[in-house]
Amino acid sequence: MKATAVAPSNIAFIKYWGKKDEKLRLPANGSISVNLSGLKTITTVEFSDKYKIDDILINGEKRGKEVGRVMKQLDRIKKIAKIHFKTKVISQNNFPMASGLASSASGFAALTVAATKAVGLNLSEKELTILARLGSGSACRSIPDGFVEWEEGKSHESSYARSIFPSNYWDLSIIVALVESRDKKTSSTDGHKLAETSLFFKTRLKNIDNKITTIKRLIGEKKFKEFGQLVEGEALEMHSVMLTCSPSLIYWQPTTIELMKLTQQLRKEGFPVYFTIDAGPHLFLICEKKNTSAIINKLKKIRAVKKIIINQPDEGTNLINQHLF
Ligand code: PMV
């Protein structure tokens, strides 16, 4: 009863911000994302009567703040499988732990796929995304292949993720520029709760289905410039909601703004590149793959960029035979 899964992180082009059901993690709106090849979590899970206690090791830490959420997810899975064994879990990211990059999407996708396999449940991809969503909303988008839509849904069963284009559909690069931050970050779980306090939130929701339809068309037609403009505007719109909620959420650092301006400058110089930002200070620069090295060379000149991680669209979550223990 042991299984191992590898899951990619994902970045949303149309974001999920705000929930209509806290407990079920039903999002206020649908979202569209792509899986990231350079940001992965590998997780091995074993259920056995040889274990007398649960033993959870996440990135080498036994008492990390994620352990409680992991235990809850394991309990959900044990309940479905009707088993009572204790569990051993080892989970590792291939990206620096202290980087402040969110690992909950890849983390809960890998955990859900490995744990359900380890207990002998053979769930469909759709069912896996529904279950992963309960651990972390955006985790549902890390399970299907490539470019993914999370259908908002009105109930637990109808809020799930599915692939809309395979990972090899469009040769894009998503370059993560890691920005140093000493601030204590408001977690996305806490941030979602504040969304409704922004006057802009209702306006955002009115237009979001329109944006989802448009972005799917633009990916389908591979219209990079219009796609990039929509993605960048969407990130700024989400951050406008964050900035105007009460208390205000300011996820940016001075370097974040410097990089936004660099992106604009690069466009003036003739490089088609656009940014998106999640609930953190890091910039995700999106370009066509052929322009990757030119953009990296520009980024390397910015001293405050701690690290650069290059990603291509990637497959979803897969089971593998190499276990971590
Ligand atoms: O799934 P969570 O609770 O980590 O929320 C993710 C929120 C954003 O990353 C800001 C946007 C998104 O759609 O991924």
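Along strand β5 (residues 55-58), which side chains point to one face and are buried, and which point to the other and are not? Select the strand: Ile56 and Ile58 are on the buried face, while Asp55 and Leu57 point to the other face and are not buried. Buried means under 20% relative accessible area, exposed over 50%, and partly exposed in between, with a 1.4 Å probe and protein chains only. In a regular strand, side chains alternate between the two faces of the sheet.

The model is predicted: local features need pLDDT of at least 70, side-chain atom pairs count only at pLDDT 80 or more, and totals for chains, interfaces and linings use all residues. Residues are numbered from 1 along each chain as its sequence is written, and side-chain values use heavy atoms, with hydrogens and water left out.

**Stop 1: β5 and its partner**

Stay on Asp55, which lies in β5. Helices (H or I, at least four residues) and strands (E, at least two) are DSSP runs, numbered from the N terminus. Asp55 counts as partly exposed because its relative accessibility is 21%. Leaving aside neighbours within four places in sequence, Asp55 is in contact (heavy atoms within 4.5 Å) with Lys62, Thr87, Lys88 and Val89. For a longer span, pick the C-alpha atoms of Asp55 and Leu36: they are 19 residues apart along the chain and separated by 29 Å.

Now add strand β6 (residues 86-93), which pairs with β5 in the parallel sense over four bridges. Two strands pair if DSSP finds at least two bridges between them. Leu57 has Ile90 as its bridge partner in β6. Follow the chain from β5 through α1 to β6: this β-α-β crossover is left-handed. A crossover is right-handed if, with the strands pointing away from the viewer, the path from the first strand over the helix to the second runs clockwise.

**Stop 2: α1 against α3**

Select helix α1 (residues 67-81) and helix α3 (residues 125-135). Their axes come within 9 Å and cross at roughly 145 degrees. Axes are lines fitted to C-alpha atoms, for helices over the stretch in contact, and angles run from 0 to 180 degrees between N-to-C directions. On the α1 side the contact is made by Arg69, Gln73, Arg76, Ile77 and Ile80, and on the α3 side by Leu131, Ala132, Leu134 and Gly135.

Just past the helix, select Lys82, in the loop between α1 and β6. Lys82 is not a glycine, yet its phi is positive, about 55 degrees. Most residues other than glycine have a negative phi, and most peptide bonds are trans. Lys82 is exposed, with a relative accessible area of 69%.

**Stop 3: Ser163**

Move to Ser163 in strand β8 (residues 161-165). Ser163 is partly exposed, at 29% relative accessibility. Its C-alpha atom is 6.4 Å from that of Gly146, 17 residues away along the chain. Not counting residues up to four places away in sequence, Ser163 touches Pro144, Asp145, Phe147 and Val148.

**Stop 4: the antiparallel sheet**

Show β9 to β12. These four strands form an open sheet in the order β10-β11-β9-β12, with antiparallel pairing. The edge strands, each pairing on one side only, are β10 (273-276) and β12 (305-311). From one strand to the next the twist averages 25 degrees.

Walk across the sheet:

- β10 and β11 form a hairpin with six residues between them, and four bridges join the two strands. Thr276 has Phe284 as its bridge partner in β11.
- β11 and β9 are antiparallel over six bridges; Ile175 is matched with Leu285 in β11.
- Strand β9 (residues 172-179) and β12 also pair over six bridges, where Ala177 has Ile308 as its partner in β12.

Colour β11 (283-288) by accessibility. Six of the six residues of β11 are buried, so the strand is largely enclosed by the rest of the structure. Leu283, Leu285 and Cys287 point one way, and Phe284, Ile286 and Glu288 the other.

**Stop 5: helices on the sheet, and two loops**

Add α6, which lies across β9, β10 and β11 and runs at about 25 degrees to β10. Helix α8 (residues 292-299) lies across β9, β10, β11 and β12, at about 10 degrees to β9.

Before α6, select Lys222 in the loop between α5 (200-221) and α6. Lys222 has a positive phi near 50 degrees and is partly exposed, with a relative accessible area of 38%. End at Pro247, in the loop between α6 (224-243) and α7 (254-268). A cis peptide bond joins Ser246 and Pro247, with omega about 0 degrees.
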